[in-house]
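Let's take a walk through this one together, starting with the fold of one chain and ending at the contact between chains. Have the viewer open and follow along.

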Amino acid sequence: MSAYIAKRLLAAIPVIFGLTIIVFLIMAMIPGDPATAILGSYATPENVEKLNRDLGLDKPLVQQYFIWLGNMLQGDFGRSYTLNRPVIDEVLERFSATLILAGTSLVLCSVLGLIAGVISAVRQYSWVDKAITFVVLIGISVPSFWLGLLLILVFAVNLKWFPASGMYAIYGGGDLPDLLKHLFLPALTLAVVATGVIARLTRTAMLEVLRQDFIRTARAKGVTESTVIYKHAFKAALVTVIPVIGIQAGFVLGGAVYIETVFQWPGIGSMLVKAISTRDLLLVQGGVLVVASAYVLFNLAADVVQTILDPRLR
Amino acid sequence: MKRLLAAAVTVASLAFASPSLAQTPPNVLVVGQIAEPKSLDPSAVTAQNDFRILLNMYDGLVRYKDGTLEVEPALAESWTISDDGLTYTFKLREGVSFHDGSPFNAEAVKFTFERMLNEDHPYHDTGPFPLAFYFSSIDTVTAIDDTTVEFKLKEPYAPFLSNLAYATGLIVSPKGVMDNGADFGRNPSGTGAFKFAEWEANSKVVVTRNEDYWDGAAPLQAVIYRPITDTNTRIAEMLSGGIDVMPEVPPDSLQQFRSDANYTVYEQVGPHVWFLILNAKEGPFANKAVRQAANYAINKTALVDNILQGTAAVANGPTPPAFNWAYNESLEPYPYDPEKAKALLEEAGYDGEPVTFYVTEGGSGMLDPIAMGTAIQADLEAVGMDVNIETYEWNTFLGKVNPGLEGKADMAEMAWMTNDPDTLPFLALRSEAFPDKGGFNSGYYSNPEVDELLNKARQATDQGERAELYKKMQEIVQEDAPWVFVANWKQNAVTKASVENFKLQPSFFLMLQDVAKPQ
């Protein structure tokens with residue numbers, strides 16, 4: 001097992017580096033440069049040239065990349081010029097905020113999705129199944145940024161139950177209940193689509209398993225229905241569902257970009273959006289590196305869990 | 001499974017536990033910012049958003065008089081200007097200290113400007129200082145004694161005093177810079193009414209009252225600046241009580257706040273002008289009659305009333321009325337007269353040649369550029385002009401427009417906000433300001449008379465004399481129509497009704513020294 005994990009990790013390294021090269025090239029190719037972004041209307045060729053020199057952006061592209069790579073390998077991710085602070089500080093701070101949001105969301109969508117899927121499958125074609133399917137379809141179809149705004153309007157502006165944005169209260173607060181209060185709406189919004197996907201898939205997987213011979217055998221042996229469903233069928237269905245949860249983890253990370261912007265969650269998604277629009281190359285590189293590594297690790301984790309659950313894969 | 005459910009219920013009930021949310025405490029003002037500040041070092045920043053914090057933490061030698069763009073003493077008590085306009089001598093206020101305890105004196109003034117301008121200065125590497133060119137006319141800064149400082153200019157430069165009042169001219173603590181180096185922007189120290197307390201990245205910047213402020217301590221105990229980048233979220237925070245002040249309210253929401261007694265809406269015209277650059281070098285707009293026709297053809301009143309929903313006024317000429325002393329009151333805007341436009345086009349022999357129109361998606365001061373571009377296209381097509389729009393993201397757009405429109409486009413949207421009537425025409429209307437000479441005259445307008453007026457105005461040190469020159473310039477430029485003059489933006493802000501003494505300034509600076517919020 002550990003050899004397998006090591007092999008997968010090694011294979012991820014070229015993927016991540018390839019990605020940094022692609023991102024670097026894209027950032028270099030899109031029109032507009034950091035100096036123009038900073039100077040705005042004042043971007044005369046003369047001012048731009050001077051500022052580029054001050055920022056170290058007057059060197060050839062390849063050289064810039066290798067300088068970045070060299071520094072990065074020594075643990076120096078450079079300094080963001082739009083934020084005027086070390087990239088690594090910003091990225092880690094932002095990423096931990098995203099992990100809190102995405103992690104909560106992932107737990108939320110896994111739990112809700114699995115419960116809904118199992119109930120749907122066990123009570124196939126009943127009104128409960130139909131109601132769940134209906135809600136799930138709406139969940140999959142609603143654009144999440146719109147849902148986010150709607151939730152803000154209802155629960156923050158009108159009912160005033162939850163804060164409209166941010167991660168902690170601006171004064172006081174800062175403790176766990178405060179965090180949970182701020183976390184609830186964005187995590188819920190982010191979880192909706194993935195919940196739907198997981199629920200649909202769990203339902204299908206459960207139905208398939210329930211039709212198989214070993215379930216009939218178990219029932220014939222007189223095993224109680226709840227043991228059949230939760231011990232035998234659910235466990236077998238999980239094997240199909242787990243890798244999808246791994247993929248959903250990636251989607252949740254990606255979806256965090258909108259949700260973080262709508263809820264002003266100080267995560268890495270909203271950081272990347274801002275960094276790209278201000279052409280903050282070092283910040284984009286640092287952010288992409290972290291997000292890509294996380295994506296690879298999530299998928300790896302899903303595969304490992306699957307291997308543990310499914311003896312056929314060992 | 002049951003245990004999981006129980007945990008979920010616990011989490012949910014925890015979150016619901018205290019429904020009384022989002023009431024900001026008395027005497028603390030929470031301001032909704034449009035973005036995280038880049039830095040709190042006034043020499044290093046360029047954005048209005050950052051100025052909203054800095055103008056309350058630092059002082060300049062001079063400042064804009066309340067409600068105007070004219071300067072009055074601040075850290076300097078008085079000054080004299082030599083007859084040749086080359087030497088400015090400032091007498092400094094005594095007994096003022098920076099927030100870090102170090103004294104404010106002539107050396108601090110010298111340090112502030114030399115750090116920005118002098119590449120050999122030991123602290124020049126704590127930059128970059130993108131707006132240092134505001135002071136590029138400075139030759140030397142000398143500390144004559146502790147309370148006297150002398151600036152020698154390379155050439156007479158009338159906007160100098162006004163630039164000193166701008167955010168880039170705010171005085172920084174030399175001790176603060178020396179102690180913190182490049183991190184000064186996160187450990188700032190000035191002489192202003194509020195001192196830096198805390199900056200929690202992506203969450204808030206807190207400043208607290210400077211009890212020893214030379215101009216009297218402020219009524220507010222503290223100001224908290226919250227970055228909320230999404231406009232809809234910012235509105236939601238204002239409605240749910242999470243912020244007290246929200247600048248830059250979108251036109252669509254102004255009405256909602258206006259009709260609610262819990263809020264007060266403020267508006268103030270500023271030194272902003274929104275215009276179309278016309279390519280006077282080639283294509284149809286090389287002909288003055290066609291340029292005038294465009295000015296007649298576009299219904300500016302409809303643009304500001306319908307698209308901008310009254311958040312702007314129709315522009316008369318190149319100089320916004322906010323520069324009241326230099327503004328030519330006798331100018332009338334080009335009226336909306338499509339018939340006259342058609343006649344002018346016919347007179348010019350315009351043959352329906354298509355024109356390319358650069359439109360941007362957004363950008364500093366650009367208001368609602370796509371909707372405006374489309375309406376302008378429709379107005380021009382109504383008089384028989386064939387207009388093709390090309391839309392670009394702001395940075396790309398600047399990269400296309402600033403190097404000049406030649407060979408690419410016939411017209412382009414543009415907007416400027418400046419602090420002196422000199423800046424925009426000097427940088428964008430002179431023959432010496434063509435893009436290849438480092439200026440912003442992207443439409444290649446050239447009139448020797450305008451060049452001379454602008455050069456003279458820059459040399460003059462008497463405000464009355466300068467005013468006359470600018471007024472004359474406005475007349476000629478309006479007649480020549482190198483631009484379509486469209487709108488002057490009114491900045492706006494909404495506050496909770498309990499916020500007192502709030503005022504917007506024509507400088508677009510947010511001054512909170514006198515604001516109170518007793519409840």
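From the N terminus on, chain A reads α-α-α-α-β-β-α-α-α-α-α-α-α-α. Count them up and you get twelve helices and two strands. Keep in mind throughout that this is a predicted model. Laid along its principal axes, the C-alpha trace of chain A fills a box of roughly 85 × 55 × 35 Å. Of the 314 residues in chain A, 42% count as buried. As for the contacts in chain A with a separation of 6 or more, 71% of them join residues 24 or more positions apart.

A good place to zoom in is helix 5 of chain A, which spans residues 87-122. Two packed helices are described by the angle between their axes and the distance between the axes, so let's use those numbers on two of its partners. Take helix 8 of chain A (residues 176-210) to begin with: helix 5 of chain A packs against it at an angle of about 35°, and the two axes are 5 Å apart. The crossing of helix 5 and helix 8 of chain A is right-handed. Sorted by class, the residues in that contact are 22 nonpolar, eight polar and one charged.

Now look at helix 12 of chain A, residues 281-309. Its axis comes within 10 Å of that of helix 5 of chain A, and the two cross at roughly 45°. Helix 5 and helix 12 of chain A are therefore oblique to each other. Here, too, helix 5 of chain A passes its partner in a right-handed crossing. To find the contact in your viewer, select A:Val87, A:Ile88, A:Glu90, A:Val91 and A:Phe95 on the helix 5 side, then A:Leu282, A:Leu283, A:Gly286, A:Gly287 and A:Val290 on the helix 12 side. That set splits into seven nonpolar, two polar and one charged residues.

Follow the chain on from helix 5 and you reach A:Tyr125, in the loop that leads to helix 6 (127-141) of chain A. Most residues other than glycine have a negative phi. A:Tyr125 isn't a glycine, yet its phi is positive, near 70°. How exposed is A:Tyr125? It has 9 C-beta neighbours inside 10 Å, so A:Tyr125 counts as exposed.

Chain B has a residue of this sort as well: B:Gln309, not a glycine either, has a positive phi of about 45°. Look for B:Gln309 in the loop between helix 9 (300-307) and strand 14 (312-314) of chain B. B:Gln309 counts as partly exposed, because 15 C-beta neighbours fall inside 10 Å.

Zooming out on chain B, the domain assignment gives domain 1 (1-57 + 192-244 + 498-519), domain 2 (58-174) and domain 3 (272-489). The C-alpha centres of domain 2 and domain 3 of chain B are 33 Å apart. Where these two touch, domain 2 of chain B gives eleven residues and domain 3 of chain B gives 13. The domain 2 side of that contact has seven nonpolar, three polar and one charged residues.

Last stop: how do the chains meet? The contact takes 47 residues from chain B and 49 residues from chain A. On the chain B side, the elements giving two or more residues are helix 1 (2-16), strand 10 (222-227), helix 6 (231-240) and helix 12 (394-401). That side of chain B breaks down into 23 nonpolar, 18 polar and six charged residues.

Terms used: Residues numbered from 1 in each chain as written. Chains lettered and ligands numbered in written order. Predicted model: local features only at pLDDT ≥ 70, side-chain atom pairs only at ≥ 80, totals over all residues. Contact = placed C-beta atoms within 7 Å. Helix = DSSP H or I, 4+ residues; strand = E, 2+ residues; numbered from the N terminus. Nonpolar A, V, L, I, M, F, W, Y, C, P; charged D, E, K, R; others polar. Axes fitted to C-alpha atoms, helices over the stretch in contact; angles between N-to-C directions. Parallel < 35°, antiparallel > 145°, perpendicular 65-115°, else oblique. Left-handed = near helix turned anticlockwise from the far one by under 90°. Domains from an automatic or database assignment. Buried ≥ 20, exposed ≤ 12 C-beta atoms within 10 Å, placed from the backbone.
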